[in-house]
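These are my notebook entries on the places I looked up in this structure, kept in the order in which I went through them.

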Amino acid sequence: MKAKRKNVIAIILGGGQGSRLYPLTESRSKPAVPIGGKYRLVDIPISNCMNSDIYRMFVLTQFNSASLNAHIKNTYVFSAFSQAFVDILAAEQTPDNPTWFQGTADAVRQCMPHFLNHDFDYALILSGDQLYQMDLNEMIEAHIQKEAEISIATLPVNDKDAPEFGILKTNNDSFIESFIEKPAKELLPDWTSDVSEQMKAEGKHYLASMGIYIFNKDLLVDLMKNPDTKDFGKEIIPQAVQKNKVLSYQYEGYWTDIGNIDSFFEANIGLTDDVPQFNLFDNDNKIYTRPRLLPPSKFQNTTIDRSLISEGCILNAKEIKKSVIGIRSRIGKESVIQNCYVMGNDFYQSIEQMEKDASNNKILIGIGERCFIKNALIDKNCRIGNDVHINGGPHLENTSNELYAVKEGIVVIKKGVVLPDNFVIK
């Protein structure tokens, strides 16, 4: 193992209220949202740091942070003789800071006293809601070698995606000369950048900020003295480009921003591809998460095609196709699951509990018998009865009620709800 980086601290931004990921964020913060059947979103940036030998991390959050606290406390336990840590810093009111976090830069500003309790030369600032695998060491080395004051990880994008990002232009030495936040499409011809031949062939001529930054410590401390700047992307970075040496570190691997239900669903279902863009089966880029002591999954008369099945499942389904099935899932006989992410359950029902529920005509935890569920996202601990028919797709209008929400044709069954026998969404 390479030596731990002792000159870097990582600051992982937990995001705001996560309204675009509602209802998944109704009772949990964005970094705590389950992904890939057994992980949580926050595991991605933490794993990228650990795979890059960065072992001092802060996670900044302020909304619904109880489950995030529990996950980090139960997962990232390092040796007592190590300096490694993952600390959660929730927004707190102090005499100097009477308000909640007002933006990404304001969150870092309010937590700065905690960071300054540690020795570091560089602050690595990451987002808590992105899916990617990246050797952050390479970015840090480029920052040091080029003697940059700020470095920004950048991703080549096409003209369709460019208006959703902060777009920048660089000189021949990869230093950023100009920056524009979410440019209108008609402005794009003036914002093309020098990218690799492979990226040109894919029509990706623009460099977008990935929201991953490295700051020299002294500069970050200085920038945080101005209470009027609330956000990195909208204020700090555009202003710094005019005054500081800001390096573009170009990254060409897989990266997606888990900003809304559509992108979240697509990222999870994408894990079932023959060769997924995000590789969970990588010796050098492990994704760390809570080590659960769960039994192997059990199947009976089930046809499984292009799906991920997490541990601890009891599956009697007829068919599971192009789906991600989360931990402790239970699916009854004759049920068909297609193009779904079933998050699973936090606990098992005992035989006694199941018998008691059955005698009281109460629906058991999991998915019942003879169900058909397609294009759906089922949150944790749901009780879905027998003969339930859910057929998501673009024919459905966006809606939200106490049981479920429909967003862009994806049916999201809310956490812990009960759907009675013969319930239909189609």
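Entry 1, a serine in a loop. I began with Ser79, where a polar atom of the side chain lies 3.0 Å from the backbone nitrogen of Phe81. The model is a predicted one, and I read this contact with that in mind. Ser79 is found in the loop between α2 (66–75) and β5 (85–90). I count Ser79 as partly exposed because its relative accessibility is 42%, which falls between the limits of 20% and 50%. I also looked up how Ser79 stands to Asp274, and found the two 195 residues apart in sequence and 38 Å apart in space, taken from C-alpha to C-alpha.

Entry 2, salt bridges. How many salt bridges are there by the rule used here? The count comes to 14, and I followed several of them by hand.

The pair I took up at the start is Asp379 with Arg28, whose closest N and O atoms are 2.8 Å apart. This salt bridge links distant parts of the chain, since Asp379 sits in the loop between β23 (372–378) and β24 (383–384), Arg28 sits in the loop between β1 (8–13) and β2 (34–35), and 351 residues separate them. Asp379 and Arg28 are both buried.

Next I turned to Asp106 and Arg109, which form a salt bridge with their closest N and O atoms 3.2 Å apart. About one helical turn separates Asp106 from Arg109, because they are 3 residues apart in helix α3 (residues 104–115). Asp106 counts as buried because its relative accessibility is 5%, and Arg109 counts as buried because its value is 11%.

I then noted that the side chains of Asp387 and Arg370 meet in a salt bridge of 2.9 Å, N to O. Asp387 lies in the loop between β24 and β25 (389–391) and Arg370 in the loop between β22 and β23, so this pair ties together parts that are 17 residues apart in sequence. Asp387 is partly exposed, with a relative accessible area of 30%, and Arg370 is partly exposed as well, with 41%. I closed this entry with a network in which salt bridges that share partners join Asp273, Asp274, Arg306 and Lys322.

Entry 3, a buried arginine without a salt bridge. Which side chain of opposite charge is nearest to Arg56? It is Asp119, at 6.5 Å, and Arg56 is buried yet has no salt bridge. The reason is one of distance, because a salt bridge needs the nitrogen and the carboxyl oxygen within 4 Å. What I did find is that a polar atom of the Arg56 side chain lies 2.7 Å from the backbone oxygen of Asp119. Arg56 itself belongs to strand β4 (residues 56–61).

Entry 4, helix α8. I asked how many residues of α8 are buried. The helix, residues 261–270, is mostly covered, with 7 of its 10 residues buried. These buried residues are Ile261, Ser263, Phe264, Phe265, Ala267, Asn268 and Ile269. At the start of α8, a side-chain oxygen of Asn260 comes to within 3.2 Å of the backbone nitrogen of Asp262.

Entry 5, cavities. Searching the whole structure gives 3 cavities of 30 Å³ or more. The largest cavity has a volume of about 70 Å³. Its lining is made by 13 residues, of which Val342, Asn345, Gly366, Ile367 and Ile378 lie nearest the centre. The elements that give two or more residues to this lining are β20 (330–331) and β22 (366–367). By class, the lining of the largest cavity has 6 nonpolar, 5 polar and 2 charged residues.

The second largest cavity has a volume of about 50 Å³, and I recorded its lining in full as Pro34, Gly37, Lys38, Tyr39, Arg40, Arg292, Ile327 and Lys380. This lining divides into 3 nonpolar, 1 polar and 4 charged residues.

Entry 6, an open pocket. Last I looked at the second largest pocket, which holds about 340 Å³ of space. Of the 19 residues that line this pocket, Arg330, Ile363, Leu364, Gly368 and Asn386 lie nearest its centre. By class, I noted 7 nonpolar, 7 polar and 5 charged residues in the lining of the second largest pocket.

Methods: Residues numbered from 1 in each chain as written. Predicted model: local features only at pLDDT ≥ 70, side-chain atom pairs only at ≥ 80, totals over all residues. Heavy atoms only, no water. 1 Å grid on protein atoms, 1.4 Å probe; cavity = no way out; pocket = protein on both sides within 12 Å on 5 of 7 lines; lining within 4 Å. Points joined across faces, edges and corners; volume = space filled by probe spheres on them. Nonpolar A, V, L, I, M, F, W, Y, C, P; charged D, E, K, R; others polar. Buried < 20%, exposed > 50% of the residue type's maximum accessible area, 1.4 Å probe, protein only. Lys, Arg positive; Asp, Glu negative; His and termini not counted. Polar contact = N/O pair within 3.5 Å; in protein donor to acceptor, adjacent residues only side chain to side chain.
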